[in-house]
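Student: I'd like to learn how to read symmetry, contacts and strand pairing off a model. Could you walk me through one?

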Protein chains: 4
Amino acid sequence: MNYKLILDEIGFEISSLDDEGVVASYIPELAKISPNKFGIHFYKLGGNNFGIGNNQEKFSIQSISKVLSLCLAFTIEGDNLWKRVGVEPSGNSFNSLFQLEYEKGIPRNPFINAGAIVICDILVSRLENPKNEFLKFIRKIAENDQINSNSQVVKSEKRTGFRNAALINLMKSFGNIENDSDEVLDLYYCICSIEMTCQELAKTFLLFANNGIIPSTKEKIISKSYSKRINAIMQTCGFYDEAGEFSFKVGLPGKSGVGGGIVAIHPKNFSVAVWSPKLNKKGNSVKGIKALELLTTKSELSIF
Amino acid sequence: MNYKLILDEIGFEISSLDDEGVVASYIPELAKISPNKFGIHFYKLGGNNFGIGNNQEKFSIQSISKVLSLCLAFTIEGDNLWKRVGVEPSGNSFNSLFQLEYEKGIPRNPFINAGAIVICDILVSRLENPKNEFLKFIRKIAENDQINSNSQVVKSEKRTGFRNAALINLMKSFGNIENDSDEVLDLYYCICSIEMTCQELAKTFLLFANNGIIPSTKEKIISKSYSKRINAIMQTCGFYDEAGEFSFKVGLPGKSGVGGGIVAIHPKNFSVAVWSPKLNKKGNSVKGIKALELLTTKSELSIF
Amino acid sequence: MNYKLILDEIGFEISSLDDEGVVASYIPELAKISPNKFGIHFYKLGGNNFGIGNNQEKFSIQSISKVLSLCLAFTIEGDNLWKRVGVEPSGNSFNSLFQLEYEKGIPRNPFINAGAIVICDILVSRLENPKNEFLKFIRKIAENDQINSNSQVVKSEKRTGFRNAALINLMKSFGNIENDSDEVLDLYYCICSIEMTCQELAKTFLLFANNGIIPSTKEKIISKSYSKRINAIMQTCGFYDEAGEFSFKVGLPGKSGVGGGIVAIHPKNFSVAVWSPKLNKKGNSVKGIKALELLTTKSELSIF
Amino acid sequence: MNYKLILDEIGFEISSLDDEGVVASYIPELAKISPNKFGIHFYKLGGNNFGIGNNQEKFSIQSISKVLSLCLAFTIEGDNLWKRVGVEPSGNSFNSLFQLEYEKGIPRNPFINAGAIVICDILVSRLENPKNEFLKFIRKIAENDQINSNSQVVKSEKRTGFRNAALINLMKSFGNIENDSDEVLDLYYCICSIEMTCQELAKTFLLFANNGIIPSTKEKIISKSYSKRINAIMQTCGFYDEAGEFSFKVGLPGKSGVGGGIVAIHPKNFSVAVWSPKLNKKGNSVKGIKALELLTTKSELSIF
């Protein structure tokens, strides 16, 4: 299959799309991004990689990095993890307190904010210097020492993160947070503020298309079984309250972020990252979802 | 791969399992089933089929038939369907009124009771004689004229179906039901009371592993795209509030019923049906889930 | 105090009010009422009575009659009643299913729809001919054989009462309804469709200002203690989700109906009924609440 | 009426009651109180006062002081207050986040925790030194310079107050908190930790039975209209999710606290305070409610 040609077609069709959606404004620093950015980058396992548009430009990957923090915590904690966070889709918006209260402080899955905060609490408990070790971990997977967190975005998120403060305090009231709230949220905001380009993101996630092994170095980061399980959680929980829609239209495990990025993988086959800052009402990139829908329609390569 | 051997191993391991779970009691007729039944049947696309245990015994497939009624409605109504029912996981128990009220009478997906009732309303609106035409439809797919609904179970469900009556009336108050409630529920209970053996069920669902085409007759029932979409809904919504867990542990699109049956498929590869009446708290067969977990662990054939 | 003068002042001030609110439209028969009707009638215990405006015109008292059905059931069933219905305000709209589901089919109080339906179920269980006996009961209290239910309104409510059908079926699923749903709803709609004038309504409710005794005949209908308790429920639950606001602004036990009527009493002192069909968003008469607020401000006669 | 005799009878009947309920344990400092304490004190407006049992012993009045902080804020802010907090009963437990989220950060009433926190935010915005001025305010009303907050209880509440931290952060995310969270919660905990004896408490609340005027000094603290409105809020919202029950059984405006205290008033007539630390499931003193029920039954002095 000529993926390069497919990517060019996608770029052409996306460029003629109506300019729907709005850039995330609740994090002031993100609201400054030019809304017209669009990039996509594709990595074939054991093959070529190519991209178009703004595929070499850094953006805030936001919630996408929750897959990486889950991956790190999974390597440390194993299945004990699931005592403190579930694997079910939330059926609610990504930062709802209601369900968390009803379910006594156990978040539905590690990709809603509450769940990602529990993952951070675990990293704070287990690691000497969690921020550094997280950065080291993703730099190794990305094979790239230039991956960093943006401190301006961290500050911006902290100043406005009252709802996350509500979530962590609610979980603390149920006994599901071990460490000091500020320390845990510090790590959380650092993780959310990681910046990557489409190319870097697609390369990083190739791991999950390759049963947990970094393709170039052959280093095994997580077991085949854990890698499949992370893919399964991406499939059912990767898109806030639009996971079913993404699964229905695109049919690949993936994860989105409010910075406008989406990454998706086809097991044993490829990974792809797309970026366009305008979001639909459910918080997912409008053009990003459309681009991936075109990709699986044209290539007929959904997992279903 | 020697699937026959794998099935034998599964049968052996399941037989030594503790006797957890309880038979569904809210439908009196189902409560009479012997709790120790266990059967599994496997169909390789373009290959052999084999089964073990009570794989030739009829049981009430219950919610599993919601996939078949969705399939029929999809062929008639196409994507118009999605104006009246969503494709998102529910994050709630299978018959909750709360979410339905909050979302103004639009059920989250076609596999929760409310969604399946909307599908029945569509069939009542579009078909001359919906019960007969539904039976004809599944007999064609199953290539078997002996598929029937059990009238004792229909009566039993009707007598105790107050919650379904609440659901349909709530949707009617929001304008999402067109026909007389009793007529729609009649069809609903008829559909839920279909009986099949594991072998019949696995054979019937081979369609969804084969892009919408009946393997033996080559008859195209639904388009490739629709077939993939039904698989996607099974993946995210097929197990009530345990879809994430099933995806995490088993990694195949599937659907369960409170009669203790589960069917799952691996696209372009195989279909498998398992039956064991004892259910966990979320309403899914304990041994059924365990058997499928063993199957994908041993065969390494999850879709992830 | 010159109540006649106060009433005249109220009539004058109300007449110059902006024409806010909307007539209830969900019961088609009620939507036909002229929106400009306004009447008020005042009964002093052991004294005069007088009224102004459309105080002699019949209107559909709707939920106001829930006080009378509660009163009848209380005389029959006594405190056993409270096993099947609570006395707490609902904190939700008057026909919410959510709270009813969460609280396992026990309605919060006898004045929300679900609670009034349970009261009807009790009357159907205990009375030979519940409709007749209810009519006899209120005719005795009203000292008026011309009190009737409007059969056109009954029909109109039945045709559109899907939400009430949902409520009763939900309660039946929890075991809190003993009789056939249709029979219970029949009585419910008959009770809601009672028609009275402001004068008749105020006279009828004098009972609750008089410790349960009909003032003219001295007949004791309910005990002093029961009468006080019904007043207490009116105070905390009489105005759907606006009970606190009414208590705050008016400070009298009372009950409203979507026909635009409100009745209120001052224990050992007076009863007053007002009618104006335009409702605020919470379903209570805009001018009715305003008129009663003026009454207690001018007379300084709240219970607080 | 011989109130002294009635009090003695109450004391006798209460002493023979079964020892139901549990002392509040979520605030460690309160858990240390002897569970068998019981005191009651009665103040007749323009008459005598008397008490029995542990009526002279200080206890933590907890939520009862929310009436006093509301009163102070009401004198400063007037009806502007009601833009930021409602007057409706909550229909939920006293610290639920769900309703607060659903209603976009506007608490239902000033007596649930979230509402009392908003009142504190107003005091922090308006007063130079809010803690001192609050203490001065209640000392004036109580005519007693020995009223103080217990700093051990303050510390104990702060250490475990994660749910209150969740509430204030949630409201801040909706823009309904103006000041720094820690400063507002500081004042909140100081207010909750006020200690009084039954006698002091009954004397303090005489104000609300006397139309806002301190009986002995004739100083007008709030207008007659405001005083009635505070009584109305006590009536509908004073007992968490048991306000209807208290209104039904006792029939007086009142307020309870998890320290086991309850104060109630009969307008233009009397005030009464009772203390017994064991609480029912809804967080109200078991013997306290029973004692007040006996009081209104024996004296026939409910407001209804």
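Tutor: Sure, and keep in mind that this is a predicted model. Start at the rotation axis: the residue of chain A that comes closest to it is A:G91, with its C-alpha at 2.3 Å.

Student: What turn and shift lay chain A on chain B?

Tutor: To read symmetry, superpose the copies and look at the turn and the shift. Here a turn of 180 degrees with a shift of 0.0 Å along the axis does it, at an RMSD of 0.0 Å. That's why we speak of a two-fold axis. Both copies also use the same surface, since 100% of the contact residues of chain A recur in chain B.

Student: How many residues go into the contact between chain D and chain A?

Tutor: For a contact, count each side, then ask which elements supply it. Chain D gives 11 residues and chain A gives 11 residues. On the chain D side, α3 (97-102) and α7 (162-173) each give two or more, and α7(D) has the largest share, with eight residues. By type, that side splits into six nonpolar, two polar and three charged residues.

Student: Is β2(C) mostly covered or uncovered, and which strands does it pair with?

Tutor: Check burial, then bridges. In β2(C), residues 39-44, five of six residues are buried. Six bridges link β2(C) antiparallel to β9(C), residues 270-275, where C:V272 is the bridge partner of C:F42. Five bridges, again antiparallel, join β2(C) to β3(C), residues 49-53, with C:G39 opposite C:G53.

Student: What about the hairpin turn?

Tutor: Four residues sit between β2(C) and β3(C), and C:G46 takes a positive phi near 70 degrees.

Conventions. Residues numbered from 1 in each chain as written. Chains lettered and ligands numbered in written order. Predicted model: local features only at pLDDT ≥ 70, side-chain atom pairs only at ≥ 80, totals over all residues. Contact = placed C-beta atoms within 7 Å. Nonpolar A, V, L, I, M, F, W, Y, C, P; charged D, E, K, R; others polar. Least-squares fit on C-alpha atoms with pLDDT ≥ 70 in both. Buried ≥ 20, exposed ≤ 12 C-beta atoms within 10 Å, placed from the backbone. Pairing = 2+ DSSP bridges.
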